[in-house]
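User: I have a chain to go through with you. Short answers, please.

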Amino acid sequence: MAEMGSKGVTAGKIASNVQKKLTRAQEKVLQKLGKADETKDEQFEQCVQNFNKQLTEGTRLQKDLRTYLASVKAMHEASKKLSECLQEVYEPDWPGRDEANKIAENNDLLWMDYHQKLVDQALLTMDTYLGQFPDIKSRIAKRGRKLVDYDSARHHFESLQTAKKKDEAKIAKAEEELIKAQKVFEEMNVDLQEELPSLWNSRVGFYVNTFQSIAGLEENFHKEMSKLNQNLNDVLVNLEKQHGSNTFTIKAQPSDNAPAKGNKSPSPPPDGSPAATPEIRVNHEPEPASGASPGATLPKSPSQSSLPAVVVETFSATVNGTVEGSSGAGRVDLPPGFMFKVQAQHDYTATDTDELQLKAGDVVLVIPFQNPEEQDEGWLMGVKESDWNQHKELEKCRGVFPENFTERVQ
């Protein structure tokens, strides 16, 4: 047992020593690539996580709010059709005809007012709230790039200082570049350190105000609608009393081929008849309905066959990824604006969605920035050759990357 225990200890020591060697080797590789001793800010990283969560939640709320508004518009149209049906069947000699028509007009106005107030007090506020996120997201990404520049300049300065053969001119220039990179990074960092926590805290008040507005508007709408429904009920009760036990004819819909039936009171027709399921016209054209503002409407599903279909606006952009050549000659497989090729000398981990993830050996096709003012010093725009050959979709594949991680090969 003692021997086994001794062997066990020896095996443990060997494993520990191996792990230490691996860790040290990894540290040397990182130092060689300028990736060791990176500037880390856990508090800022937490703020970025909160920012992304807040953006996701806000985007979902905006989407659901638009769906809710589309549902309100769909219910408005359905209610309007139902009122029109009642006006059609109401005989001229029946009492309460004018009152019923007036109730239908007020019903229509109430729906329109409800929809417009939801747009003004909820949707527009939601759009304004989300409008601040793109700029901050762009600044977060730029801060990440400036941090890479700052760490790179710091490592370069330190390596010159510790070199056996010192070049004072190079050291002075490296120190100047380090100070410049540090200043740019810290200015952006300080601003975001102040803005992100404030934005995160603002979400509580925003959600409260938004849902209070929606709840208040819906409560008032249903109160007013309840009054109109009670008035309509009184008109119909009076109609029934006026006719007593007499039978009278309900005017058939234009689509009815069968003769009208006599009834004691205007009771609902049987299921499946044209009057039981009033026609709801579905507009598949992109033009909005009369009096309505253009926008998304409620998506149609098999369980919602009676609701108006959605008019979905699809925006698409086509990128021409080829260069025309004669008889198949020429560089037809290169992206538009191609300037030169570079090859990644070290791995680079992307810190934002607009950056390229690079592995040592990756070939990148360098292209110009669409907006030259967006180009940061030391960064290039490009698309990995493997991605371009596979997809030929510039919009999805292109991204920025640090020039000092690559070497020009063509």
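User: How many helices and strands does the secondary structure of the protein chain come to?
Analyst: This is a predicted model: local features need pLDDT of at least 70, side-chain atom pairs count only at pLDDT 80 or more, and totals for chains, interfaces and linings use all residues. Residues are numbered from 1 along each chain as its sequence is written, and side-chain values use heavy atoms, without hydrogens and water. Helices (H or I, at least four residues) and strands (E, at least two) are DSSP runs, numbered from the N terminus. The count is seven helices and seven strands.

User: Which helices each supply at least two residues of the largest nonpolar core?
Analyst: Such a core joins buried (under 20% relative accessible area, 1.4 Å probe, protein chains only) Ala, Val, Leu, Ile, Met, Phe, Trp, Tyr and Cys residues through side-chain atoms within 4.5 Å. The largest has 37 residues, and Phe 51 and Met 126 are among those with the most contacts inside it. Its suppliers are H2 (42–89), H3 (97–130), H4 (133–161) and H5 (168–243).

User: In what order do the five strands of the open sheet run?
Analyst: Strands pair if DSSP finds at least two bridges between them. The pairing here is antiparallel. S6 (399–402) and S7 (406–408) each have a single partner strand, so they stand at the edges. The order is S6-S5-S4-S3-S7.

User: Which residue in S6 is the bridge partner of Met 381?
Analyst: S5 (residues 379–384) and S6 pair in the antiparallel sense over four bridges. For Met 381, the partner in S6 is Val 400.

Notes:
Buried means under 20% relative accessible area, exposed over 50%, partly exposed in between (1.4 Å probe, protein chains only).
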